[in-house]
Amino acid sequence: MNTYITTPIYYASGSPHLGHAYTTLLADAYGRYLKLRGNKVLLLTGTDEHGQKIERTAAAKGVDVGTFVDQISQDFEALWRDLKVDIDIFQRTTDLAHAKVVLTFWQRLKANGDLYIGDYSGLYCVECEQYFTTGTHCPTHKIELEKFAERCWFFRLSRYQEDLIDYIEAHDEFIVPVQRRNEVLSFLKLNQLRDLAVSRGSTSWGIPVPGDESQVLYVWVDALVTYLSGLEVAAPDVASHQTSVWWKSAHHFIGKDILIFHAVYWPALLWSAGYQLPASLVVNGWLTVESEKISKSRPATVIDPRELEAKVGIDGLRHYLFSRVGLGQDLDFSFDQVVEVANADLANNIGNFVSRMVGLVEKYEGGVLTASAGGASRNLGPELATLVENTIVEAYGHLDNYEFAKASRVVVSFSSELNAWLQKKQPWKLDNAEIRRDILWQGCLALRTLSILLIPFTPDIALKIQQGLGLPDNPSWSDLYTEVDGFKTDLPVPVFKRVEVSKIDGMT
Ligand code: MSP
């Protein structure tokens, strides 16, 4: 199966922060999980580089806007590479190839009779690049809304209201989790949709409207089409029918702040341009600091993912973000908690089982354990076999439902159970070498399972375990069931170093 996974295209208006990393890492974990299950995955991320906010930010810094976005875009890409995000496509909205796809998209909207010229007058939040009809301040950024009136192009969004309600009601899986789906349905049922202003005359930093060069495209239309342009750039040879194989399987990972753009504007635009809808919108809650959303516009809330990674490692950072809350709920960041879960789950629990197993194989078998040696059976005995099977079914079941925290908890408790099993078996107290060897064999098999289950969450630890057991890199789901000839232990223990720091830049 093919699956196309996207993150939002982040604004190139400032450096990436932990909130951006949260969505990107969830998308990465899901992609790694699907790859493990044998799916072909394309993961797209990128930067949203046009619009008034970016034009103003660059001007305030006295930097040429092109140079400014180049720099920020590189920052984002470098961060994702450093955090080992498995990116296949990094798409920028200032790429010419993207502009070409946007222009074709615009022509399709026009050919469908959905674009017309009109006068817009209303309110705007430059930080979200969003129109508002009421209020004085942006509910997300808390900044004052700006009044503006101008001539622009409109998209007949109002035409699609009923179709949107019908589609979302008929497709449970389109918006997850369910409370976000309900939120969109109430929005659509309680508000009369107005047509959407889709071009701007007051900024020139954007893609010019075909045939009306006084206007540039509204930055959100430009940005949403990135999901299509990235795919066309990545897979140019499959432009028509095969692109749709990917497109139908698209999963947009987004934060709850951009839900309406993706659940209302985007489907209507896609229908108008003759596309099918993506498979689903997977909506995460906010990371907050003292209950305030982490946001560039509130510098006190900003946490630099690199700084956190330097203190707790990529796996420490990932484990915290995946394990604390269910999809869609907000998570109030606490560095103490990051350290606490990293030490408890990764260093003490998982790390402990790995070092005990490797230590025992080193001590009693000189680091080499073969299936035939001393009659050790190749397969797991009934006790561990049931535990392993239940764990796989449960963990993967949760991942199929984007329940990252539940899946992560299942994997961590699997490790606890393995520690308890080893403690009960006490192979170090046995005189019979054959029975002891069999226990070590079973423990190593279970450790292999643990390492495969950890791939979506903590890929570095997973890899260290596989290398430490002498197993081939990049195992897949089916390797959970393949027979192993032997284990050759070689582990630079520990797989996760205990974190001893207790502060991150004054934040506790
Ligand atoms: N450029 C638009 C998206 C266009 S997608 C076609 C945009 N960019 S953004 O830089 O503001 O990033 C928004 C996304 O970053 C959110 O939807 C969310 O996925 C992620 N997050 C940013 N801050 C966040 C938190 N504090 N917490 C969780 N996610 C956050 O909007």
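Helices here are DSSP runs of H or I with at least four residues, strands are E runs of at least two, and both are numbered from the N terminus. The model is a predicted one, so local features need pLDDT of at least 70, side-chain atom pairs count only at pLDDT 80 or more, and totals for chains, interfaces and linings use all residues. Residues are numbered from 1 along each chain as its sequence is written, and side-chain values use heavy atoms, leaving out hydrogens and water.

**Exercise 1. Find the loop that holds Lys84, and say what its phi looks like.**

Step 1: look between helix 3 (65–82) and strand 3 (89–92), and you'll find Lys84 in that loop.
Step 2: check the backbone; phi of Lys84 is near 60°, a positive value in a residue other than glycine.

**Exercise 2. Work out what surrounds the ligand.**

Step 1: collect the shell. A residue counts as near if one of its heavy atoms lies within 4 Å of the molecule. There are 25 residues around the ligand, and Ile9, Thr23, Asp48, Asp257 and Leu287 come nearest.
Step 2: sort the shell by class. You get 14 nonpolar, 8 polar and 3 charged residues. (Ala, Val, Leu, Ile, Met, Phe, Trp, Tyr, Cys and Pro count as nonpolar, Asp, Glu, Lys and Arg as charged, and the others, Gly among them, as polar.)
Step 3: see which elements contribute. Strand 1 (2–11), helix 1 (18–36), helix 7 (219–224) and strand 12 (250–255) each supply at least two residues of the shell.
Step 4: go to the backbone. An N or O atom of the Ile9 backbone sits 2.8 Å from a ligand nitrogen, and a polar backbone atom of Gly19 is 3.3 Å from a nitrogen atom of the ligand. For Gly255, a backbone N or O atom lies 3.0 Å from a ligand oxygen.
Step 5: ask about cover. On its own the ligand has 660 Å² of accessible area (Shrake-Rupley method, 1.4 Å probe), and the protein covers 96% of that.

**Exercise 3. Describe how helix 5 (residues 161–170) packs on helix 6.**

Step 1: take the angle and distance. The two helices pack at about 155°, with axes 10 Å apart. (Axes are lines fitted to C-alpha atoms over the stretch in contact, and angles run from 0 to 180 degrees between N-to-C directions.)
Step 2: name the arrangement. Angles over 145 degrees count as roughly antiparallel, so helix 5 and helix 6 are roughly antiparallel to each other.

**Exercise 4. Locate the cis peptide bond.**

Step 1: the bond joins Val176 and Pro177, with omega about 0°.
Step 2: place Pro177 in the loop between strand 7 (175–176) and helix 6.

Technical notes:
Polar contact = N/O pair within 3.5 Å; in protein donor to acceptor, adjacent residues only side chain to side chain. Parallel < 35°, antiparallel > 145°, perpendicular 65-115°, else oblique.
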